[in-house]
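Reader: Please take a close look at the pockets in this protein. I am a first-year student, so keep it plain.

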Amino acid sequence: MSDVLALTRELIRRRSVTPEDAGCQALIGERLAQAGFEVANLRFGEVDNLWATHGSGGPLLVFLGHTDVVPPGPVESWQSDPFDPVARDGHLYGRGAADMKGSVAAMAVALEDFVAAHPHHRGRVGLLLTSDEEGPDNLNGVRRVAEHFRATGERIDWCVVGEPSSKERLGDLIRVGRRGSLSGKLVVRGVQGHVAYPEKAKNPIHAFAPALAELAAERWDEGNADFPPTSFQVSNLNAGTGANNVIPGTLTALVNFRYSTASRAEDLRARTEAILDKHGLDWRIDWSLSGEPFLTPPGGALRDAVVAVCRELCGIAPEESTGGGTSDGRFIAPLGADVVELGPVNATIHKVDECVAVADLERLPALYRAICERMLLS
């Protein structure tokens, strides 16, 4: 059994459902310490974050990942226990196999191999792991680590995120940026009453409907060469008591913008609120900014290196995308780092019978090591 396959299996066995780490980081930290890395546990609240570095001076290349996983759902729906990794039909099955314990194992193995072969490499290389990526708030994971780095003056030049980026073949797609995510909890107030006496009530559903239609039809921006146009979605809409003869007194809507660098969060908030005012609503909205959009532009050393490695080791020119959801890269990019995401195929992430191709898993450390060599040996 290869080193990366054995390590991935050991990580999957640890039931690290977010925000639990279940000893994954301790296992990785012990290995890297033996390889000569300086290892620190950055614990914020009840969240573990591992920070390991090797080298001194010069630029810093960081590999970023998470050890927490989403819940497996009904265990009986899986062909095998989600926390008892099983290899069959050329794939390794288990919760976190693709998202992203396979990448974590591959990054650790690649770093061990790299420093063993090049103990006096230029600059520094590091690994940052958190157990608070899959949760709803991410308050004490990489978000807090980034704040800590700002306070201590730690600068990251380049960051490779191991999120599963590939579509059908390892290396066929890399993420070179991500859209921003702005969410809002909107409450529209009306007056509760009997449906037979609408003149004595005010239905917030009826009042909000025209505003919702305008919000849904609004063209927020046209996007740009790197990003699609900004999108607006309502993910939840709730009102009423459950009775069919009561006009509700309030309506609650959860809304979200996925926005490009063509817009700013403050402008999206202001335009939304102007539409609500235009329709004469009695409203309140609580905004939450999950992360600003970021882009690693073409021509940079890291983006060029990742593209070249995919061409050479995977035999494919990767699509350079800014699509998908968010990742912890959104907290590292504002530190001034170039960020690129490269990981295994994402077809089964968060699903029952999550899996990763064993062949892809065993090739992944070579990709990460080759990136190290391109960035820190020149």
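Author: Here is a look at the two pockets, one after the other.

This is a predicted model, in which local features need pLDDT of at least 70, side-chain atom pairs count only at pLDDT 80 or more, and totals for chains, interfaces and linings use all residues. Residues are numbered from 1 along each chain as its sequence is written, and side-chain values use heavy atoms, with hydrogens and water left out.

Start with the term. A pocket is an open set of points on a 1 Å grid over the protein atoms alone, where a 1.4 Å probe fits, with protein on both sides within 12 Å along at least five of seven lines; lining residues have an atom within 4 Å of a point. Its volume is the space filled by probe spheres set on the points, which are joined across faces, edges and corners.

The largest pocket holds about 680 Å³ of space. Its lining has 30 residues. Nearest the centre lie Glu133, Asn138, Arg258, Thr326 and Arg330. Strands (DSSP E runs of at least two residues, numbered from the N terminus) contribute too. β10 (180-189) and β15 (282-291) each supply at least two lining residues. β15 has the largest share, 3 residues.

The second largest pocket holds about 200 Å³. Its lining includes Arg143, Glu147, Leu289 and Arg330. Helices (DSSP H or I runs of at least four residues) join in here. α4 (142-152), β15 and α8 (329-332) each give at least two residues. α4 gives the most, with 4 residues.
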